[in-house]
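Let's take a walk through this fold together, starting from the inside and ending with the charged side chains. Have the model open and follow along.

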Amino acid sequence: MSDACQVDFYVLAHPGQSVERLACRLAMMAWEQGHLVAVLTAGEDDAAALDEVMWDFPAGRFLPHTRGQSGPEVPVCIETYGAGIPAGRDLVINLTDHAVPDPGRFQRLLEIVPGEEQKRLSSRQKFREYRAIGLEPVSHKIGK
């Protein structure tokens with residue numbers, strides 16, 4: 001993979017907007033573009049909640065996914081932070097409070113920033129960390 005990882009921050013405009021639903025939409029779009037996606041969650045409870053949302057959203061569509069390590073036959077895998085990202089994944093959606101280590105391994109890194117102000121602090125720190133290693137994150141406001 002290239003060291004020129006593209007980092008995008010998706011900033012939810014309002015408290016209460018669903019981080020999980022946006023993660024599903026982004027994963028669906030990435031899969032449709034041919035990416036192998038890893039979604040990082042903070043822990044098992046968050047992974048289970050996201051897994052449930054992926055079965056139902058978006059309505060009328062199916063997003064092939066699994067929890068835990070998987071091969072390239074499953075386009076989207078849900079991982080917990082610290083478990084490691086399976087080899088071959090080229091796009092990561094990070095739902096944790098931590099920056100993704102060594103992001104240059106991936107083509108794309110997507111960060112979702114919650115709408116609640118107190119939850120945005122870790123996203124600001126991640127933005128600074130990515131810039132400190134020479135990446136140029138881009139922000140996108142969702143739900144103006």
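What follows covers the nonpolar cores and then the salt bridges.

First, some housekeeping: this is a predicted model, where local features need pLDDT of at least 70, side-chain atom pairs count only at pLDDT 80 or more, and totals for chains, interfaces and linings use all residues. Residues are numbered from 1 along each chain as its sequence is written, and side-chain values use heavy atoms, with hydrogens and water left out.

Start in the middle of the largest nonpolar core (a set of buried Ala, Val, Leu, Ile, Met, Phe, Trp, Tyr and Cys residues joined through side-chain atoms within 4.5 Å; buried means under 20% relative accessible area, exposed over 50%, and partly exposed in between, with a 1.4 Å probe and protein chains only). This core has 24 residues, and Val37, Met54, Ile93 and Ile112 touch the most other members. At least two residues each come from strand 1 (6-12), helix 1, strand 2 (37-41), helix 2, strand 4 (76-80), strand 5 (91-94) and strand 6 (108-113). Helix 1 is the top contributor, giving eight residues. Helices (H or I, at least four residues) and strands (E, at least two) are DSSP runs here, numbered from the N terminus.

Now zoom in on Ile112. Leaving aside residues up to four places away in sequence, its contacts (heavy atoms within 4.5 Å) include Tyr10, Leu12, Leu26, Ile93 and Ser123. There's also a second, separate core of 16 residues, with Cys5, Leu40, Cys77 and Leu109 among them.

On to the charges. Side chains of opposite charge can pair when their charged atoms come close. Counting a salt bridge as a side-chain nitrogen of Lys or Arg within 4 Å of a carboxyl oxygen of Asp or Glu, you get seven. One of them joins Arg61 and Glu32, at 2.0 Å from N to O. Arg61 sits in the loop between helix 2 (44-56) and strand 3 (65-67) while Glu32 belongs to helix 1 (residues 19-32), so this pair ties together parts 29 residues apart in sequence. Arg61 is partly exposed at 42% relative accessible area, and Glu32 is partly exposed at 47%.

Another bridge pairs Arg67 with Glu44, at 2.5 Å from N to O. Arg67 is in strand 3 and Glu44 in helix 2, so the link spans parts 23 residues apart in sequence. Finally, look at Glu117 and Arg124, whose closest N and O atoms are 2.6 Å apart in a salt bridge. Glu117 is partly exposed at 45% relative accessibility, and Arg124 is partly exposed at 35%.
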